[in-house]
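Subject: Model handover

Hi,

Here is the model for your files. Please open it alongside this note.

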Amino acid sequence: MPADRQAIIAQFRTMTAANLALLAGSPAVRGAAELTGGPYEARGGMPAPGSDTNLPGPRRRRPVSRGRPAPAAVTANTAREAEADQARRERRRFMEEWQAQHGDVVMLSRDDDAFASLYAAVESGEAVEYEHENVLAGSQNTFGIEIEFEGADLAAVSRALAEEGLSARSAGVGGYHGRRFSGKWTVERDSSVTSSNRGGEVVSPVLKDCRETWEQLEKVCEIIRRCGGQVTSKCGNHVHICADPLDARSFRWSRLMRIWAGFEDVFYRMASGGESRGVYRGGTFAKPLAMIVPSTFFADRETDQTEIRRYLRSRYYGLNFQNANPGDAKNTVEFRLFNGSLEPKQIQANVKLAMGAVHAADICRRSTETTRERNELIPRAPMPFGHTARSGEDPEDHGEVKKLLDILFVRSQDKAAALWLYASSKWQR
């Protein structure tokens, strides 16, 4: 047997066309040949019939999972991924240019006077207005809203929405997470708030930042109230943010975890503001998570939604990753922590906060000069729910909320909306 293993492999790959035809009879083997440049590596290094199987030295095998797509499918998937990545880059570039043009240079974390002035202006809530245009600071990302309520007759809510053209007339009242109609709001039962066909939730279609979205939200809240709907401690406001900005690089998922867990106490204080007047509804369906994820998430490391779900195996956390599946039609991160509200201004502020967190995880890179200062404010240790109330720290220090607002937003009006939630609430225990 020849001693030169490389010569054997070379000879192996230059077999006659007749032998190749004989060996490549199955489509799977032909596909493996096209993918690897040789007909056997993808099949675990199987030797040719009649060949010497005692080749010297260990065989190097290409690891391949079962059910590998055919070459045409691989090419198509690669092309789609490249196209999606390019679209993400273009949306990110648009947002960065928009924020550079419309953002201000005020950093609350290093300007105590600016923070004091903004805090005083929002404390009464009068300085925060409901907006209709450019609400999300240049974001082209999509989102969705779930509005829970008690008291209102669901059939009446459904009819009123249909009369306004907001829901499909044939939809009626659906079951929990039932059938959806494209571009339409739906009325659903929810066992946590529904009793005798009263109380439930209204679920939005996929929304984007435009006047029509914010006018619809106003009308939906008005209809629920008109039909007798009210918010109680059982009710929540869930905000779904498309996770597409996080898909391209796994460091972005890590940044999102650091932003959330590093400011979890601040987020829950904000979730209890506005109409709730500082009383949190409880964490049964939106549990804190900062102390569940390991400390390794705070290091400069790559992670992804799959690893995160190994620690957060339920959707009942303040931040839900169960629907974060890149490539799926529904690929969202759900912010479940917010108290229920029928006040459009409060729901809009919740959307700003959630969207700001996802975009900050995307663009606040240490390597980019324009975002380096914001990146350096991202914590490297958790600030779990209840930390401030239990620690004995000065509750009026406000140092952490200053940092969070600087990380999430570049415009004072967005910082004001989130600060209003904070100022109208208190630290939770």
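Below are the notes on the sheet and on one surface patch.

This is a predicted model: local features need pLDDT of at least 70, side-chain atom pairs count only at pLDDT 80 or more, and totals for chains, interfaces and linings use all residues. Residues are numbered from 1 along each chain as its sequence is written, and side-chain values use heavy atoms, with hydrogens and water left out.

The sheet. Seven strands (DSSP runs of E, at least two residues, numbered from the N terminus) make an open sheet. The order is 2-3-4-1-5-7-6, with mixed pairing (at least two DSSP bridges between two strands). Strand 2 (173-174) and strand 6 (319-320) are at the edges with a single partner strand each, so one side of each has no neighbour in the sheet.

Strand 4. Strand 4 covers residues 198-203 and runs antiparallel to strand 1 (residues 143-153), joined by five bridges. E148 sits opposite E201, and E146 opposite V203. Strand 3 (residues 186-188) also pairs with strand 4, antiparallel, over three bridges. There, T186 has V203 as its bridge partner. Five of the six residues of strand 4 are buried (under 20% relative accessible area, 1.4 Å probe, protein chains only), so the strand is largely enclosed by the rest of the structure.

The patch. E123, E393, D394, E396 and D397 form a negative surface patch. Patch residues have over 30% relative accessible area and no salt bridge (Lys or Arg side-chain nitrogen within 4 Å of an Asp or Glu carboxyl oxygen), with like charges joined within 9 Å. D394 lies in the loop between helix 13 (387-391) and helix 14 (399-408); helices are DSSP runs of H or I, at least four residues.

Best wishes

Conventions. Patches are made of residues with over 30% relative accessible area and no salt bridge: like charges are joined within 9 Å, nonpolar side chains (Val, Leu, Ile, Met, Phe, Trp, Tyr) within 5 Å. Accessible areas come from the Shrake-Rupley method with a 1.4 Å probe; for residues, only the protein chains shown count as cover. Lys and Arg count as positive and Asp and Glu as negative; His and the chain ends are not counted. The place of a charge is taken as NZ of Lys, CZ of Arg, CG of Asp or CD of Glu. Buried means under 20% relative accessible area, exposed over 50%, partly exposed in between (1.4 Å probe, protein chains only).
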